[in-house]
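Student: I'd like to learn how to read a protein model that comes with DNA. Could you walk me through it, one feature at a time?

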Amino acid sequence: MVPSVTYNLIWSVIRRIPKGRVSTYGRVADICGLIGQSRLVGYALHALPRDTKVPWYRVINAQGRISFPERSEAYRVQKRFLESERITFKQGKIDLTRFGWPPDAEVRRRRT
DNA sequence: AACGTGACAAGGC
DNA sequence: AGCCTTGCCACGT
């Protein structure tokens, strides 16, 4: 698959998420200038090759949760990656005020 | 070419 | 808290 310019942009932003921090689909979209297009970020992640170096596991949803079914293998893999970077879960959620990146991210603006 | 579906998010109730 | 609806857009049928 030939990644589009947009996917490359999204991936490059995800590559900038520091180790030990997480971002959200919405924040990544905002940084890319793609306001409101969080789903596109999810789609770009889905399109990543399996052997990628892009830290896909540092992207979670706005509720601070991993966006895979809790039972799935993917969920466990992602959680293990995050915990290996000393990110902690409380009731299955990550505290974005503590681990979120960028740290000064504003609450996403409401659509019109 | 319409239609349904997503690793989403926010509002309303 | 949880469910439903809407906005968004790329893809596969």
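Tutor: Happy to! A residue is near a strand if one of its heavy atoms lies within 4 Å of it. Keep in mind that this is a predicted model.

Student: Which part of DNA strand C lies within 4 Å of the protein, sugar or phosphate, or bases?

Tutor: Of the strand C atoms within 4 Å of the protein, 81% belong to sugar or phosphate, and the rest to bases.

Student: Which residues come nearest to DNA strand C?

Tutor: Seven residues surround the strand, and the nearest of them are Tyr 7, Gln 37, Arg 39, Leu 40 and Tyr 43. Helix α3 (residues 38-46) gives the most to this surface, with three residues. By class, the surface near DNA strand C has three nonpolar, two polar and two charged residues.

Student: And which polar side-chain atoms should I look at?

Tutor: A polar contact is a pair of N or O atoms within 3.5 Å. In the side chain of Tyr 43, an N or O atom is 2.7 Å from a sugar or linking oxygen of DNA strand C. For Gln 37, a polar side-chain atom lies 3.3 Å from a sugar or linking oxygen of the strand, and for Tyr 7 the distance from a side-chain N or O atom to such an oxygen is 3.4 Å.

Student: Let's turn to a helix. How do I check the span of α4?

Tutor: Count 1.5 Å a residue: the twelve residues of α4 (residues 73-84) should span 16 Å, and the end C-alpha atoms are 17 Å apart, which agrees.

Student: Which residues of α4 are buried, and why do they line one face of the helix?

Tutor: The general idea is that an α-helix has 3.6 residues a turn, so residues three or four places apart point the same way. In α4 the buried residues are Tyr 75, Gln 78 and Leu 82. Seen down the helix axis, these buried residues fall within an arc of 70°, so they line one face. What covers them includes β2 (59-60). On the other side of α4, Glu 73, Arg 80 and Ser 84 are exposed. After the helix comes Arg 86, with a positive phi near 65°.

Student: One last residue: is Ser 23 buried or exposed?

Tutor: Buried means under 20% relative accessible area. Ser 23 has 0%, so it counts as buried. Ser 23 sits in strand β1 (residues 23-24). Leaving aside neighbours within four places in sequence, Ser 23 is in contact with Ile 17, Val 28, Arg 58, Val 59, Ile 60, Trp 101 and Pro 102.

Terms used: Residues numbered from 1 in each chain as written. Chains lettered and ligands numbered in written order. Predicted model: local features only at pLDDT ≥ 70, side-chain atom pairs only at ≥ 80, totals over all residues. Heavy atoms only, no water. Helix = DSSP H or I, 4+ residues; strand = E, 2+ residues; numbered from the N terminus. Expected span 1.5 Å × (residues − 1). Buried < 20%, exposed > 50% of the residue type's maximum accessible area, 1.4 Å probe, protein only. Arc of directions from axis to C-beta. Contact = heavy atoms within 4.5 Å. Polar contact = N/O pair within 3.5 Å; in protein donor to acceptor, adjacent residues only side chain to side chain. Nonpolar A, V, L, I, M, F, W, Y, C, P; charged D, E, K, R; others polar.
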